[in-house]
Amino acid sequence: MKKQTLSEWIEQLRQDPNVVYWHEIEPKEADTVPFPAEIDARLRAALEARGIASLYTHQAAAYEVVQSGRNVVAVTPTASGKTLCYNLPVLQAIAKAPESRALYLFPTKALAQDQKNELNEIIAEMDVPIYSYTYDGDTAPALRQKIRQAGHIVITNPDMLHTAILPHHTKWISLFEQLRYVVIDELHTYRGVFGSHVANVIRRLKRICAFYGSQPTFICTSATIANPQELAERLTGEPMTLIDNNGAPRGRKHIVFYNPPVVERTMNVRQSATKTAVELARQLLVNRIPTIVFARSRVRTELILSHLQAAVKERIGETTIRGYRGGYLPNERRAIENGLRNGDIIGVVSTNALELGVDIGQLQACILTGYPGTIASTWQQAGRAGRRHGDSLVIMVASSSPLDQYIVSHPEYFFARSPETARINPDNMLILVDHLKCAAYELPFRRGETFGGIDVEDVLDFLVDQGVLHERAGRWHWMSDAFPAQNISLRSAAQENVVIIDISNIARHRVIGEMDRFSAMTLLHEEAIYLHEGTQYQVEKLDWEEKKAYVRQVDVEYFTDANLAVQLDVLSNDRSEERGAMAVHYGDVSVRAMATIFKKLKLSTFENIGSGPIRLPEETLHTSAAWFEWKEVPSEFSPALFEHLLVGLANVLSHLVPIFVMCDRSDVHVVPQLKALHSGRPTIFLYDRYPGGVGLSEAVFERYEEILENVKEWVKRCPCSDGCPSCIGVSDTGGQPVKRELIQFLDEQLAVWSGSLVSHRSCEEN
Amino acid sequence: MKPKLSQWKELLAARHKKKTADEKNEMEPSERGATDVPYVDIWQEYGTKPYWFAGDYCLIRETVYPLDYQHGCYRLGALHDVHRRWQEASFSHPLSCRGFAVSDLFFFDTETMGLSSGAGTVMFLLGHARVLGDRIIIRQHVLPHPGAEVALYQSFLSDVDYTTLVTYNGKAFDWPRLKTRHALVRDMVPKLPAFGHFDLYHAARRLWKDKLDSLRLAEVEKHILQIERDDDVPGFLAPMIYQEFLQTPHPDRIMPVLRHNEQDVLSLIALYIHLSIQLLEAMRISDPREQLAAARWLEAVGETAAARGVYEQASSKEVKEAQAAKWQLSLLYRRERRYEEAVAIWRDLFNHGSASWKTKAGLELAKAYEHHFRDAAEAHRYAAAAYEAWRSLAKASRQGMEKEEQEWRKRLERLTRKKNKLGK
């Protein structure tokens with residue numbers, strides 16, 4: 001059969017009745033300017049040898065702003081040459097003054113590695129002794145000393161800066177004395193709690209620079225978000241100049257919303273997004289059109305991968321399609337990245353691990369299995385398809401989730417809105433105090449000194465009372481035998497990983513991957529089927545103490561899916577608001593999660609073919625929560641019906657709250673209970689999925705009225721007859737009109753509160 | 001659970017009130033400054049004086065011991081004898097103090113807040129002992145409060161010859177931490193130059209890592225030097241005690257830590273004496289394992305002649321270490337191309353040793369006959385026997401050793417080939 005080109009395939013797709021929306025982005029020519037005259041001849045020659053004969057306008061603008069001594073944040077789409085925005089000024093500075101130093105921060109080790117390779121290629125071409133190294137947990141001890149003393153460009157991540165570099169700053173004197181530039185790539189990833197931590201790490205960094213007499217310029221790059229400048233300013237505490245005059249060329253880009261056909265009309269059940277994505281990807285791949293498929297979970301990624309590999313085996317060979325996700329070993333990931341760049345691999349199935357700037361070259365087509373959850377993520381993933389010349393295609397396949405259905409039925413919601421606002425709160429007292437301790441460990445605080453512009457003397461005195469600091473002669477000295485950075489993690493997820501060991505070959509056990517502890521409870525329990533690169537392994541033994549999972553290769557017709565039983569206890573009730581029969585509370589809760597049983601699901605049909613118990617200790621999360629509570633089941637409802645109402649309400653909340661408080665769906669959990677443990681009352685809990693809480697549920701508490709109003713409108717507007725996945729969910733309600741009852745219930749509730757209409761602030765508001 | 005934001009605010013508000021009240025009754029700390037040394041009279045009684053520098057002070061305690069002082073199994077004045085013998089020794093060694101005066105040696109130990117090597121780990125006590133012609137002097141530099149580090153390092157650095165520090169794990173522990181804290185005040189005090197260093201921890205590791213469960217100084221004191229400490233405060237409590245001392249700076253609070261440190265530096269003298277004797281009189285070490293270890297150390301530092309003597313001595317004993325000594329000796333001979341002597345030892349081990357010795361010695365014999373004596377038949381005979389011995393060992397250990405197996409087979413095949421070629 002003759003292979004179709006992408007353009008031919010696109011024409012064919014236009015006829016597909018399941019395409020619900022088609023958006024085209026017009027092509028654009030490159031916008032370039034010549035190199036500034038002062039660029040070092042060797043640097044210029046090195047760039048020219050790599051085919052860079054001039055600068056895109058945004059690169060030139062970034063260079064000029066940096067030369068003038070100002071900080072800069074450059075917003076650039078994928079593959080627009082963003083790295084030159086910082087590499088150019090940095091290499092130029094070092095070429096001119098070899099004692100200059102630069103610090104590069106990347107959110108992950110993999111990205112740091114990538115950057116080192118690219119940078120070292122340019123440096124080798126320049127033939128100038130510039131040393132650039134990655135400094136992370138994998139760096140050999142022998143090399144560390146050399147990096148500290150002689151590394152011109154130190155490439156690391158915020159975690160390493162936090163625990164290994166700043167507390168040991170006296171070993172880095174040559175870096176800090178001459179630190180000219182701090183580069184923060186992937187700025188948009190520093191949001192929420194993580195971003196707030198990193199902002200404080202940067203406060204500490206600036207404090208140490210000041211001690212050694214340097215005042216670095218910050219160069220940030222970010223994917224498209226609503227507020228890059230604000231984020232960069234809050235993160236660094238410095239005024240920023242925004243660069244967004246992207247001069248890179250691009251071809252025509254088609255963005256298609258695809259809603260799988262309804263297969264069960266009465267229940268409004270659609271064909272699964274996974275199945276649909278596999279079929280679309282198969283068609284592209286058999287035509288040898290380089291394609292990337294994004295999935296929302298590790299298991300989905302592996303399922304899609306194995307289906308695709310099986311489907312295209314005959315036509316193009318299965319090794320040309322690979323998976324890519326967190327948990328693969330670094331060398332495996334490197335091999336996949338290289339394969340993608342040089343064309344040995346034409347298909348890749350990935351989790352959001354490839355959202356970040358890992359360089360894999362450009363693909364022609366991109367399929368999103370389900371809405372990634374945020375507009376920014378969607379654009380990031382969509383950016384993987386795109387060529388400088390010629391067409392590219394992005395297909396978003398909607399799942400039956402309410403959010404996905406909302407997005408595909410309201411394309412204007414997606415296209416008209418700016419991407420999400422990235423929020424951080426560096427002054428969050430809990431986070432700030434953690435870093436204040438680290439800062440005091442690094443250097444004594446002087447009277448009158450502020451931390452990120454904040455007067456912290458009261459906190460310092462408080463820490464004196466705690467026996468952590470000692471105050472004398474207007475200075476606060478660290479005076480404890482603890483090493484504070486060690487106990488403070490910048491990230492919410494447990495850093496401790498379970499190592500996955502393949503014991504298929506008795507003589508040669510080998511590590512094939514790793515997984516965070518929480519996920520391991522449901523994915524690596526004994527008897528679980530663990531999918532890796534499309535290969536099935538069964539977990540034979542999970543050594544929870546040693547954090548090792550021993551797996552053996554198997555060939556079975558099913559995969560496993562585990563249940564997580566969650567128990568929620570209220571620890572304290574800090575704020576309450578009573579509104580008639582209903583009350584809203586805010587306080588601390590503990591959430592204990594325990595994996596209980598797993599199901600075996602048939603690969604082809606997802607049908608349940610067996611189950612088994614899981615025996616693992618529970619995991620505890622202490623966090624903040626908001627909860628809606630009713631004094632009792634209202635007299636007009638039976639308990640069973642009211643429970644359906646709660647479940648329905650929770651279902652809508654779990655999809656609407658993220659839009660209100662700007663987070664991912666996974667950041668806030670919603671739990672309906674007919675009888676809450678602490679009160680015996682009907683309750684819906686919403687809690688932050690971060691130890692200690694991050695203010696998401698607090699925002700829900702503060703805006704509960706507006707949220708409930710929108711829940712009601714949402715359910716009302718949904719065209720289904722009595723519940724669908726897009727509103728209150730689908731469950732067996734014994735034929736009771738839950739949807740109608742819920743609307744009426746909310747109507748009455750809201751009417752009682754306001755006496756009239758609540759002002760109609762919609763959830764589209766940013 | 002962490003305190004909530006609102007709780008924080010309350011706490012801080014309460015603090016703020018308290019502070020304003022306090023300030024009315026109190027002078028500014030900076031004014032009160034460093035004009036007086038608390039409990040200076042009591043310090044005086046403990047032989048401790050303030051050392052003033054740049055407006056602040058540190059404390060220096062000086063303690064004197066007689067040369068006859070018996071610390072464990074050694075009289076500390078014996079350092080003079082040991083020193084003399086190093087000057088006369090026929091070999092050199094990293095522990096040798098040849099070319100230095102006795103009083104050049106600074107037996108040095110520190111006390112820190114915690115074990116981390118980061119910038120915030122305070123070093124609050126720098127102690128050293130020196131043996132002079134007529135007495136032993138211990139000087140301890142004490143940080144009376146944080147912020148006085150300029151005075152501390154000024155006093156320490158102008159007092160010590162850092163080219164000849166004798167420490168216990170100082171290379172990895174004390175010195176890097178000292179460098180870190182010094183870096184914070186580096187513009188105000190003398191530079192910290194590179195230095196020579198006798199690290200007794202490494203010596204202890206070489207000699208006793210099989211013998212002792214732990215190589216902590218306390219273990220070495222107890223089992224090797226026969227030092228018993230009475231009323232000693234364990235080192236890990238030092239940070240807590242220092243913290244309490246900062247609250248109430250009465251000398252009695254911190255004296256236990258000073259005494260602990262004093263014992264430590266005295267033990268370093270005893271340990272240096274002991275280690276020196278072990279090396280100088282390695283022929284006479286009674287513990288065969290230690291003797292072997294001493295000989296290996298001499299060999300490792302290139303003192304082959306001295307090592308050979310000790311190996312020879314050790315191999316004449318009726319203990320199982322004798323075979324190891326013979327083996328080491330044979331390797332020495334081989335390196336010196338004294339094949340006849342080496343082969344004699346290998347034959348001995350091959351004929352009388354265990355299967356493991358049979359394997360090792362047999363292999364060496366096979367190599368020697370193949371490459372040196374060019375006797376393929378004899379080489380093959382030894383290789384075959386050694387291979388048999390190896391197989392029985394490998395079988396017993398139940399481990400797949402494919403690589404070794406292949407090597408053996410290759411060797412045997414090659415030797416068979418050579419043997420046959422010659423036979424024709």
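Leaving aside its neighbours within four places in sequence, which residues is Tyr530(A) in contact with? In this predicted model, the partners of Tyr530(A) are Ile500(A), Leu523(A), Leu524(A), Tyr537(A), Val539(A) and Val551(A).

Tyr530(A) also belongs to the largest nonpolar core, which has 201 residues. Tyr530(A) is listed there among the residues with the most contacts inside that core, together with Val183(A), Ile367(A), Val397(A), Leu524(A) and Leu686(A). Another core, of 81 residues, lies apart from it and includes Ala129(B), Ile136(B), Ile138(B) and Ala383(B).

In chain B, seven strands make up an open sheet with mixed pairing, in the order E1-E2-E7-E6-E5-E8-E9. Strand E1 (48–53) and strand E9 (197–199) of chain B are at the edges with a single partner strand each, so one side of each has no neighbour in the sheet. From one strand to the next, the twist averages 25°. Strand E5 (residues 106–112) and strand E8 (residues 165–167) of chain B run parallel and are joined by two bridges. Within E8(B), Val166(B) is the residue opposite Phe107(B). Helix H10 (residues 251–280) of chain B lies across E2, E5, E6, E7 and E8 of chain B, at about 40° to E6(B).

Two residues that are not glycine have a positive phi, as tabulated.

| Residue | Phi | Loop between | Other C-beta atoms within 10 Å |
|---|---|---|---|
| Lys547(A) | about 60° | strand E27 (535–543) and strand E28 (548–553) of chain A | 16, partly exposed |
| Arg337(B) | about 60° | helix H13 (321–335) and helix H14 (339–352) of chain B | 8, exposed |

For context, most residues other than glycine have a negative phi.

Note on methods:
Residues are numbered from 1 along each chain as its sequence is written. Chains are lettered from A and ligands numbered from 1 in the order in which they are written. This is a predicted model: local features need pLDDT of at least 70, side-chain atom pairs count only at pLDDT 80 or more; totals for chains, interfaces and linings use all residues. Two strands pair if DSSP finds at least two bridges between them. Helices (H or I, at least four residues) and strands (E, at least two) are DSSP runs, numbered from the N terminus. Axes are lines fitted to C-alpha atoms, for helices over the stretch in contact, and angles run from 0 to 180 degrees between N-to-C directions. Two residues are in contact if their C-beta atoms, placed from the backbone, lie within 7 Å. A nonpolar core is a set of buried Ala, Val, Leu, Ile, Met, Phe, Trp, Tyr and Cys residues joined through C-beta atoms within 7 Å. A residue is buried if 20 or more other C-beta atoms lie within 10 Å of its own, exposed if 12 or fewer, and partly exposed in between; C-beta atoms are placed from the backbone.
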